[in-house]
Amino acid sequence: QTQISKAIKMLGVSKKTNRIAIIVISETKNDQLSVSIAEYLGELDDSALDINPEKFRALMMHYDLTENAIKSIGGDERNALTTLINEKAALISLKR
């Protein structure tokens, strides 16, 4: 619940919000319960996860990432951003 509360606070979910992403994770591929939950939740549309320029800047600010950090990874900027965010998440879990 703490992670959900933080995410809502960070992303500013409000009455004006018309799209959200919910991820269903299972230990096994094609787990019937997970498939049923995903189908119940509505239309499967990965475009909500696309990183547009506005999301890109917001994620950089939230995770305190610089242009230099993004450039140091090289390649596609979105992939570099994802790599750096995953790296920060891994470091946070190691600190716990």
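Start with the whole chain in cartoon view: you should find five helices and zero strands. This is a predicted model, so keep that in mind as you click around. Walk from the N terminus and the elements read α-α-α-α-α.

**The whole chain**

Before selecting anything, turn the model around. The C-alpha trace spans about 45 × 35 × 30 Å along its principal axes. How does the radius of gyration of the protein chain sit against that of a compact globule of 96 residues? The chain comes out at 16 Å, while the globule would be near 12 Å.

Now colour by accessibility. Of the 96 residues, 14% are buried. The accessible surface adds up to about 8,500 Å², and carbon and sulfur atoms account for 54% of that. If you like contact maps, look at pairs with a separation of 6 or more: 33% of those contacts join residues 24 or more positions apart.

**Stop one: α1**

Select residues 2-11, which make up α1. Why does α1 lie largely in the open? Count the buried residues among its ten and you get zero, so the helix is largely uncovered.

Pick out Ser5, which sits in this helix. Ser5 has 37% relative accessibility, and because buried would need a value under 20% and exposed one over 50%, Ser5 is classed as partly exposed. Draw a distance from its C-alpha to that of Leu59 and you'll read 17 Å, for two residues that are 54 apart along the chain.

Then step off the end of the helix. Gly12 follows α1, and its phi is positive, near 70°.

**Stop two: the largest pocket**

Keep α1 on screen and turn on a pocket surface. The largest pocket holds about 1,900 Å³ of space. Its lining takes in 34 residues; to centre your view, select Ala7, Met10, Leu11, Leu59 and Tyr63, which lie nearest the middle.

Which helices each supply at least two residues of this lining? Colour α1, α3 (53-62) and α5 (77-95) to see them. The largest share is from α1, with eight residues. Recolour the lining by class and it splits into 19 nonpolar, nine polar and six charged residues.

**Stop three: the second largest pocket**

Move on to the second largest pocket, with a volume of about 560 Å³. It is lined by 18 residues, and the ones closest to its centre are Ala21, Ile22, Glu43, Leu44 and Asp45. By class, this lining has eleven nonpolar, two polar and five charged residues.

**Stop four: the loop between α1 and α2**

Next, zoom in on the loop that joins α1 to α2, and select Ser26, which lies there. Ser26 is partly exposed, at 30% relative accessibility. Show its contacts, skipping residues up to four places away in sequence, and you'll find Asp31 and Ser34.

Select Thr28 as well, which is in the loop between α1 and α2 (32-41). Thr28 has a relative accessibility of 48%, so it counts as partly exposed. Now stretch a distance from Thr28 back to Val13: the two are 15 residues apart along the chain, and their C-alpha atoms are separated by 31 Å.

**Stop five: Ser34 in α2**

Follow the contact from Ser26 across to Ser34, which belongs to helix α2. Is Ser34 buried or exposed? It is buried: its relative accessible area is 13%, and the cut-off for that class is under 20%. Which residues does Ser34 contact once neighbours within four places in sequence are set aside? Show Val24, Ile25 and Ser26 as sticks and you have them.

**Last stop: Asp64**

Finish by selecting Asp64, in the loop between α3 and α4 (67-73). Check its backbone: phi is near 55°, a positive value in a residue other than glycine. Asp64 has 63% relative accessibility, and because the cut-off for exposed is over 50%, Asp64 falls in the exposed class.

Notes. Residues are numbered from 1 along each chain as its sequence is written. This is a predicted model: local features need pLDDT of at least 70, side-chain atom pairs count only at pLDDT 80 or more; totals for chains, interfaces and linings use all residues. Side-chain values use heavy atoms; hydrogens and water are left out. On a 1 Å grid over the protein atoms alone, a cavity is a set of points where a 1.4 Å probe fits but cannot get out, and a pocket is an open set with protein on both sides within 12 Å along at least five of seven lines; lining residues have an atom within 4 Å of a point. Grid points are joined across faces, edges and corners, and a volume is the space filled by probe spheres set on the points. Helices (H or I, at least four residues) and strands (E, at least two) are DSSP runs, numbered from the N terminus. Ala, Val, Leu, Ile, Met, Phe, Trp, Tyr, Cys and Pro count as nonpolar, Asp, Glu, Lys and Arg as charged, and the others, Gly among them, as polar. Buried means under 20% relative accessible area, exposed over 50%, partly exposed in between (1.4 Å probe, protein chains only). The radius of gyration is taken over C-alpha atoms; the globule rule is 2.2 Å times the number of residues to the power 0.38. Contact means heavy atoms within 4.5 Å. Accessible areas come from the Shrake-Rupley method with a 1.4 Å probe; for residues, only the protein chains shown count as cover.
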